[in-house]
Amino acid sequence: MTGNESESELPVPPYPPIEPTAFDLIVIGTGLPESVISAAASASGKSVLHLDPNPFYGSHFSSLSIADLTHFLNSHSTPSSVCPDPLYSDVEISNYASRLLSQHPRNFNLDVSGPRVLFCADHAVDLMLKSGASHYLEFKSIDATFMLDADAKLCSVPDSRAAIFKDKSLGLMEKNQLMRFFKLVQGHLSLDESEENDVRISEEDLDSPFADFLTKMKLSHKIKSIVLYAIAMADYDQEVSEYVLKTRDGINRLALYNSSIGRFQNALGALIYPIYGQGELPQAFCRRAAVKGCLYVLRMPVISLLTDQNSGSYKGVRLASGQDILSHKLVLDPSFTVPGSLASSHQQLQESFQAFSLSDNKGKVARGICITRSSLKPDLSNFLVIFPPRSLFPEQVTSIRVLQLGGNLAVCPVGIFM
């Protein structure tokens with residue numbers, strides 16, 4: 001069952017009994033981590049049963065139509081004594097969404113927990129290529145990245161040598177500063193750790209706040225803001241926040257950004273996004289797992305855990321259909337919970353699952369989906385806009401990121417933008 005709605009109360013389709021009745025691994029929930037585990041276990045020759053009480057793949061990583069997303073958010077925003085879900089504690093759907101639903105009932109693929117752009121050189125991309133999951137999905141490039149400057153204008157982010165030369169918003173001194181800094185970073189990363197060289201950044205600087213190091217490099221406030229929030233993607237105001245980005249981590253983020261630019265011929269920028277939405281990511285791994293023999297059953301809640309009467313150890317699950325399935329291991333999506341074990345003496349097993357609480361997160365993300373009839377940039381469809389801390393109002397202590405997606409990504413009808 002889900003944390004906020006009793007999925008076991010939903011009608012279970014009349015599936016035939018699952019055969020076989022014993023597996024090496026049972027996975028509950030088709031979120032991205034669980035789908036990767038299924039693909040890896042299946043590829044290594046393990047027998048895997050992958051279950052999901054939802055009628056769709058992806059759990060919190062899914063992409064849904066307006067109607068399905070509205071239902072999902074409303075059902076997960078209702079407080080529950082069983083397992084409240086803080087991810088969706090305050091949900092508001094506008095009337096405009098209802099009108100669009102009547103016009104385009106199936107032409108939207110809206111990400112449940114926020115759109116996730118990927119760096120071309122990200123480890124997740126490497127995993128998809130290495131595992132073969134990349135054969136089951138397609139990406140498009142995010143065409144550009146913009147940042148709001150001190151004059152309240154959206155300026156292109158100069159993230160490469162060519163972009164720096166073309167940038168008309170930077171003065172000659174700022175261009176030289178940024179070029180020298182990128183050269184320093186590149187020189188530091190290209191050296192072997194055992195080498196001693198003036199180009200290498202000292203350990204003391206690497207352990208210092210990244211904002212302090214940029215000041216030490218005598219970069220202007222504008223250049224510092226570009227590096228911190230548009231390239232290193234810092235979430236919080238680095239001048240006052242307790243969540244300070246260290247120079248070592250900042251340099252690694254710059255390295256990831258730089259190695260992502262131009263990695264693929266059809267993605268000249270650093271960022272890519274999956275066609276049909278992020279819900280394609282877990283489905284790609286599910287398809288890969290299915291090819292390797294993993295068995296998938298949707299709309300199938302797990303109502304109880306099975307435990308050994310003598311040892312109290314886990315041995316399987318009871319499905320809502322009434323069938324018992326045995327397995328050596330169990331992986332449970334943290335957004336789901338199982339109401340209780342058939343062996344009441346083994347309380348510790350149930351408590352171990354309840355320990356995975358989403359309420360332990362340090363922060364929350366406020367998210368809005370805006371559907372428009374025109375692009376923020378008339379000549380572009382897919383791009384990212386960064387609003388650095390304090391760029392919109394004095395109390396703004398976090399970065400605000402706006403990702404605009406168009407119809408060519410199959411997430412909305414052509415002529416409409418999200």
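This report describes salt bridges, one helix packing and one nonpolar surface patch in a predicted model.

## Salt bridges around helix α7

In this predicted model, the count of salt bridges comes to nine. One of them joins the side chains of Arg 248 and Glu 203, with a nitrogen-to-oxygen distance of 3.0 Å. Because Arg 248 belongs to helix α10 (residues 247-260) and Glu 203 to helix α7 (residues 203-206), this pair ties together parts that are 45 residues apart in sequence. Arg 248 itself has a relative accessibility of 32% and therefore counts as partly exposed, since that class lies between the 20% limit for buried and the 50% limit for exposed residues.

Arg 248 also meets the side chain of Asp 207 in a salt bridge, here at 2.9 Å from N to O. This pair, too, links distant parts of the chain, with Asp 207 in the loop between α7 and α8 and Arg 248 in helix α10, 41 residues apart. Asp 207 is partly exposed, its relative accessible area being 45%. Through shared partners, the salt bridges join Glu 203, Asp 207 and Arg 248 into one network.

## A link from α7 to α8

A further salt bridge is formed by the side chains of Asp 205 and Lys 216, at 3.0 Å from N to O. Asp 205 lies in helix α7 and Lys 216 in helix α8 (residues 210-216), so that the pair, eleven residues apart, links distant parts of the chain. With a relative accessible area of 12%, Asp 205 is buried, because the cut-off for that class is under 20%.

## Packing of α6 against α10

Helix α10, which carries Arg 248, also packs against helix α6 (residues 172-190), at an angle of about 95 degrees and with the two axes 11 Å apart. Because angles from 65 to 115 degrees count as roughly perpendicular, α6 is described as roughly perpendicular to α10. On the α6 side the contact is made by Phe 181, Phe 182, Val 185, His 188 and Leu 189, while α10 contributes Ile 251, Leu 254 and Ala 255.

## A nonpolar surface patch

Elsewhere in the chain, Leu 376, Leu 392, Phe 393, Ile 400 and Val 402 make a nonpolar surface patch of about 410 Å². Among these residues, Leu 392 is found in the loop between strands β14 (383-387) and β15 (400-404). The relative accessibility of Leu 392 is 46%, and this residue therefore counts as partly exposed.

Note on methods. Residues are numbered from 1 along each chain as its sequence is written. This is a predicted model: local features need pLDDT of at least 70, side-chain atom pairs count only at pLDDT 80 or more; totals for chains, interfaces and linings use all residues. Side-chain values use heavy atoms; hydrogens and water are left out. Patches are made of residues with over 30% relative accessible area and no salt bridge: like charges are joined within 9 Å, nonpolar side chains (Val, Leu, Ile, Met, Phe, Trp, Tyr) within 5 Å. Accessible areas come from the Shrake-Rupley method with a 1.4 Å probe; for residues, only the protein chains shown count as cover. A salt bridge is a side-chain nitrogen of Lys or Arg within 4 Å of a carboxyl oxygen of Asp or Glu. Helices (H or I, at least four residues) and strands (E, at least two) are DSSP runs, numbered from the N terminus. Buried means under 20% relative accessible area, exposed over 50%, partly exposed in between (1.4 Å probe, protein chains only). Axes are lines fitted to C-alpha atoms, for helices over the stretch in contact, and angles run from 0 to 180 degrees between N-to-C directions. Angles under 35 degrees count as roughly parallel, over 145 as roughly antiparallel, 65 to 115 as roughly perpendicular and the rest as oblique. Contact means heavy atoms within 4.5 Å.
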